[in-house]
Amino acid sequence: MADYEAVQPGPLRLKGSGGVLSAGKRKKKKAKEKGQILEQIVSSKKQEEEKKRGLDKRTPAQVAYEKMQEKRQMERILKKASKTHKQRVEDFNRHLDTLTEHYDIPKVSWTK
């Protein structure tokens, strides 16, 4: 029993835990803090957009090229979204039916 005399009875305490809060109780953020955070995010986005406008050193051709790329990408997305999965599978099966037997899986067994 002499080995256990140095043990401190009671609950374990973690290092760096400043306050004594139980696991079930947590501090709730106030609505003011959330509002301030949202305002900061919105203002930072506006500032970034203004900087981008001021620092835009692209030529008119580069701007037009990027606009056309975005337009084509949107067209591709809309084209892919127009068909359902079932329609895509049916089209793929029709395509496979038109291929020759050259693309079939070859027989592997030598015994049969």
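A salt bridge here is a side-chain nitrogen of Lys or Arg within 4 Å of a carboxyl oxygen of Asp or Glu. By that rule, this protein has three salt bridges.

Before going through them, a word on what you're looking at. This is a predicted model, so local features need pLDDT of at least 70 and side-chain atom pairs count only at pLDDT 80 or more, while totals for chains, interfaces and linings use all residues. Residues are numbered from 1 along each chain as its sequence is written, and side-chain values use heavy atoms, with hydrogens and water left out.

**Fold and confidence**

The protein has three helices and zero strands, where helices (H or I, at least four residues) and strands (E, at least two) are DSSP runs numbered from the N terminus. Along the sequence that reads as α-α-α. On pLDDT (the predictor's confidence in each residue, from 0 to 100), the protein averages 80, and 80% of its residues reach 70 or more. Among the elements, helix H1 (residues 31-54) has the lowest mean pLDDT at 78, and H2 has the highest at 92. Where pLDDT is low, the predicted coordinates should not be read in detail.

How much of the protein counts as buried? Of its 112 residues, 0% do, with buried meaning under 20% relative accessible area, exposed over 50%, and partly exposed in between (1.4 Å probe, protein chains only). The accessible surface comes to about 12,500 Å², and 57% of that belongs to carbon and sulfur atoms. Those areas come from the Shrake-Rupley method with a 1.4 Å probe; for residues, only the protein chains shown count as cover.

**Salt bridges**

Side chains of opposite charge can pair when their charged atoms come close. Here are the pairs:

| Pair | N to O distance |
|---|---|
| Glu66 and Arg58 | 2.1 Å |
| Lys83 and Asp91 | 2.5 Å |
| Asp91 and Arg94 | 2.7 Å |

In the pair with Arg58, Glu66 is partly exposed at 34% relative accessible area, and Arg58 is partly exposed too, at 38%.

Asp91 turns up in a bridge with Lys83 and in another with Arg94. Asp91 and Arg94 sit three residues apart in helix H3 (residues 85-98), so about one helical turn separates them. Salt bridges that share partners join Lys83, Asp91 and Arg94 into one network. As for exposure, Lys83 is partly exposed at 38%, Asp91 is partly exposed at 27%, and Arg94 is partly exposed at 49%.

**Surface patches**

Patches are built from residues with over 30% relative accessible area and no salt bridge, joining like charges within 9 Å and nonpolar side chains (Val, Leu, Ile, Met, Phe, Trp, Tyr) within 5 Å. For charge, Lys and Arg count as positive and Asp and Glu as negative, with His and the chain ends not counted; the place of a charge is NZ of Lys, CZ of Arg, CG of Asp or CD of Glu.

Which residues gather in a patch of positive charge on the surface? They are Lys71, Arg72, Arg76, Lys80 and Arg88. Helix H2 (residues 60-82) supplies the largest share of this patch, four residues. Lys80 is in helix H2, and Lys80 is exposed, with a relative accessible area of 61%.

There's also a nonpolar surface patch of about 270 Å², made by Ile37, Leu38 and Ile41. Leu38 lies in helix H1 and counts as exposed at 55% relative accessibility.
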